[in-house]
Amino acid sequence: MQTRALPLTVLACALALSACKPVAPAAAPAAPTEAKAAPAAAPAASSADDNLNAVLWMQRSVEYRAATETVYRAAADKLDTALKQPNWDALVPDERGNPVKGLKPAVVMDVDETVLDNSPYQARLVRDGKEYDEVTWDAWVAEKKAKPLPGVVDFAKAAQAKGITILYLSNRAVHLKEATLANLRSAGLPVADDQVFLGLGTVVEGCEQNGSEKNCRRLLAGRQYRVLMQFGDQLGDFVQVVANTPEGRDALLQQYHDWFGERWWMLPNPSYGSWEAMTFNNDFSQPRETRRQAKRAALDLAP
């Protein structure tokens, strides 16, 4: 789930993913045709980046590929069980506003780092010494170059063959819908129609969205479908995180512990997420080094 936004109850910063393209600086005058152009300056050496190992692991390790394939193969083996049990539902009771009986089956999937791999975008940030921002993110989405995670296409096609609709519930903003659907299709993912994308900004009647939380959109999905499974790389992809604190997150994990590996399926993502923001009080307005110090202070040194 590619976003740095968090619940308004714990985060006062605005959600990323909704900006226009940057204005390019004016081009320098061309050198006279008779003059020999000066050689391009070598790029500045990258400074130390917290994300280097995480992104490198996601791109180069067979362990990451094995992990995602393991999740999707195990989930595929559970599809028949979920289909046969009429009361099987992957929405928490607070997000199920209607009976599931008679509803068509669906699977709810986050997009970023759950279905599509955006590690090239993260790699560019590492290379350039930059951090996530709306402009560069929108430009990356517009490229439509994200590849599918290992195992996801086989799972999605297996679900489709059983009459299960794939819903893409993403914190990509609604203005990125067309580019996202095009990328999903080119990656081999089933897209039933344009309505299967539930992006950030989707209006849900009778429900007021809190920041980037997905509870309203899950409620919307539940009005039309019996949700057999949910897939994500963040806790908030499955249930509303009211307090993004260690205690609040631990409580949710314990409450729904038995749902993981049955109705909920978590993908590994060490490169970004609310788990990181939790360590510096969800305050991205702090200088990068201040946030880094808070993360170092959160390390368990087993004293």
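1. Salt bridges: 19 turn up, counting a side-chain nitrogen of Lys or Arg within 4 Å of a carboxyl oxygen of Asp or Glu. Mind that this is a predicted model, where local features need pLDDT of at least 70 and side-chain atom pairs count only at pLDDT 80 or more, while totals for chains, interfaces and linings use all residues. Residues are numbered from 1 along each chain as its sequence is written, and side-chain values use heavy atoms, with hydrogens and water left out.

2. D50 and K295 pair up at 2.8 Å, N to O. D50 sits in the segment before α1 (52-60) and K295 in helix α10 (residues 288-297), so this bridge ties together parts 245 residues apart in sequence. Helices here are DSSP runs of H or I, at least four residues, and strands are E runs of at least two, numbered from the N terminus. Shared partners join D50, E276, E289, R292 and K295 into one network.

3. R218 bridges to E95, with the closest N and O atoms 2.5 Å apart. R218 is in helix α7 (residues 215-224) and E95 in the loop between α2 and β1 (104-109), so parts 123 residues apart in sequence are tied together. Both R218 and E95 are buried, meaning under 20% relative accessible area (exposed is over 50%, partly exposed in between; 1.4 Å probe, protein chains only).

4. D80 and K162 also meet in a salt bridge, at 2.9 Å, N to O. D80 is partly exposed, at 36% relative accessible area, and K162 is partly exposed at 36% as well.

5. For the overall picture, the protein chain has 10 helices and seven strands, and buried residues make up 45% of its 303 residues.
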